[in-house]
Every structure is written in C-alpha cells, then in structure tokens.
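This report introduces the structure shown below to a reader who has not met it before. It proceeds from individual loops to a surface patch, a helix and the chain as a whole.

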Amino acid sequence: MNTDWVHPVQLYSGGISGSGKGKFREKASILHKIAKKKCQVEDSEKANGVASRSDRNLPNSSNMEVEVTPPMNGTAGQEGEAAEDEEEEDQPLSLSWPETYRKRFTYMVVMPIVLPLWLTLPDVRKNSAKKFFPISFIGSIVWIAAFSYLMVWWAHQVGETMGITEEIMGLTILAAGTSIPDLITSVIVARKGLGDMAVSSSVGSNIFDITIGLPFPWLMWSFINGLQPVKVSSNGLFCAIVLLFLMLIFVIISIAACKWRMSKLLGFIMFLLYFAFLVVSVMLEKKIIGCPVSI
C-alpha cells in the first residue's frame, strides 16, 4: 500500500529493532516537529491560494526512497537518554515503591525528608498546582531553615558526645551539610550544560554566606543581648582565612589550566584542593602546626 506520509518514528523504527529504537527517538522527534511545522506552512499557503515551491518541485512521495543514516558515536542515543532523564525530573513526585534495589535504597534514605515536603508543599509540576508556586517557594525556604537547625543541633550533640570540638565540626560536617543545596543546584545546571551558572552559583553563595549569612545572626544576637559583641575564639582562624584566599587563587589557576571548561580533571583537582584545605585547617585548630597570628 502506498502512503503519502510516513511518521518519522515509524521511519526510524521500521528498520531498527531492540535497543536501536531508543537511540534514534530523539532525532525522530526533531524530524517530526520539523515536518509538522512544514505541513502547517504549506496548509496556510494553500489556504491563501499560493502554491508552495515544495509542491511544484517535490516528486510523488509514493515513489520516493528515504535513506536513514544513523548518527556517529551514538550521540543521538546520549541525547535521547538525557531528554528522557529531564522528562522524568519534570514529572510530579510519586511515592510508589521503586522496582530496582538501588532505587529502593535511595527511596528509604530520602523518605524522612521527602514525606514532610510532599505533605506540606504543593507540587507545582502538576497542572492543577502551578498557581501555588509562591507557597512552594516560601515553604521550601522555611523547610531549609528547619532542616539546617536540626543539622546544626545534631552535629553539636554528636561532637560533644565524641569529644570533637565545635571548630572541627564546623569545618567538616556543617560545611559539607550546608553546601548540599549548592551541590544540587550545580548538578542540575551542569547537566543542562550551563557551566557558567554552576560556577557563579557556587561563588555567589559563598559571598552571600560571608556578607549576610554570618553577620545577620550576629546582629540579631547583639540586639537581643543589649548590643554586646559576639566573641570569636579560634586557634588558626587568621591562617585559615589566608589559606582560603590562596585556595581561591589555586582554583582560578586550575580552571584556566583546564581551558575554562568543567572536566573530570578539573573536578579531581577541586577534590584535592578541598582535602588539602581541610587537613591544614584541622591541623591549625588542633595546634599540630602553629599559626603566627592567633585570634
């Protein structure tokens, strides 16, 4: 039977079976959108009484042979998988029991956090709840504050129980825990190819922490306690600040050496720099190495 129209998905899946269908689904979707747009343009031209150039030059589609060239290096498959992952992320939250063991383990770990959010915040990915996005935005900030308070409280109790000083807990547990939101946002924008946004988010969040996150609670405490100053006692705070500036210089040099691209090598260098900073800071706090200036 001769047909005048062949759907791109049928065109790609006709000669491909098994896992090959998924590799070309993304490209087939693009071809379908192009063909649909072309048909809309042709219909509008015909409605106006103008014969399109493609109608005059296009031969009979029933006698046409279409050649499909698979993409090189499987790039279409990777793009298709990325598109499917993005579609899954945009879907509303589902609390159904996962099928794989790995997802079940993740499900049990994150359930104490996900469940109260699911009960109190509207899921704006649903069409019926999109208008409640201000409630979800403000509620998310409130939940972040609540989780942060619990994290600091629990870290303090664990540190006292295990004999770990507050400075060490702040450099390790609290520093890592408070950076998790930055980590999540950086992962999301990096997967979308927005490297500039990932880097600027990390730098901007640290500037916000230093200029707003630290002085604002200190200012509130001072107002509550009759404008008394907040005492800061640390063995190697001055050297840690100097070390932090040196780490910033090393980070800029590392990014420039990697040609301003986020690569696996750059990520490995960042891990090394972090562990170096962590080891030196802990040694300064424990007075294993001395600092010429003490605060």
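## Loops around helix H12

Between helix H11 (215-224) and H12 runs a loop that contains leucine 227. The model is predicted. Leucine 227 is not a glycine, yet its phi is positive, at about 60 degrees. Its relative accessible area is 60%, and leucine 227 is therefore exposed, since the cut-off for that class is over 50%.

Another loop, between H12 and H13, holds lysine 259. Here too a residue other than glycine has a positive phi, near 60 degrees. Lysine 259 is exposed, and its relative accessible area is 67%.

## A nonpolar patch on the surface

Which residues form a nonpolar patch on the surface? The patch consists of Phe238, Val242, Leu246, Ile249, Phe250 and Ile253, and together these residues have about 530 Å² of accessible area.

One of these residues, valine 242, belongs to helix H12, which covers residues 237-257. Valine 242 counts as partly exposed because its relative accessibility is 37%. As a general point, an α-helix has 3.6 residues a turn, so residues three or four places apart point the same way.

## Helix H13 and its two sides

Helix H13 comprises 22 residues, from 264 to 285. At 1.5 Å a residue, H13 should span 32 Å, and this agrees with the distance of 32 Å between its end C-alpha atoms. After H13 comes lysine 287, with a positive phi near 60 degrees.

Where do the buried residues of H13 lie as seen down its axis? Those residues are Leu266, Leu273, Phe277, Leu278, Ser281, Leu284 and Glu285. They fall within an arc of 135 degrees, so they line one face of the helix. Helix H8 (166-178) and H12 are included in what covers them. On the face turned away from the buried side, H13 carries the exposed residues Lys264, Leu265, Phe268 and Phe271.

## The chain as a whole

The secondary structure of the protein chain amounts to 13 helices and zero strands. The chain has 295 residues, of which 17% count as buried. Its accessible surface comes to about 22700 Å², with 66% belonging to carbon and sulfur atoms.

Contacts within the chain can also be sorted by separation in sequence. Among those between residues at least 6 apart, 51% join residues at least 24 apart.

Terms used. Residues numbered from 1 in each chain as written. Predicted model: local features only at pLDDT ≥ 70, side-chain atom pairs only at ≥ 80, totals over all residues. Heavy atoms only, no water. Patch = residues over 30% accessible without salt bridge, like charges linked within 9 Å, V, L, I, M, F, W, Y side chains within 5 Å. Areas by Shrake-Rupley, 256 points an atom, 1.4 Å probe, with all protein chains shown as cover. Salt bridge = Lys/Arg side-chain N within 4 Å of Asp/Glu carboxyl O. Helix = DSSP H or I, 4+ residues; strand = E, 2+ residues; numbered from the N terminus. Buried < 20%, exposed > 50% of the residue type's maximum accessible area, 1.4 Å probe, protein only. Contact = heavy atoms within 4.5 Å. Expected span 1.5 Å × (residues − 1). Arc of directions from axis to C-beta.
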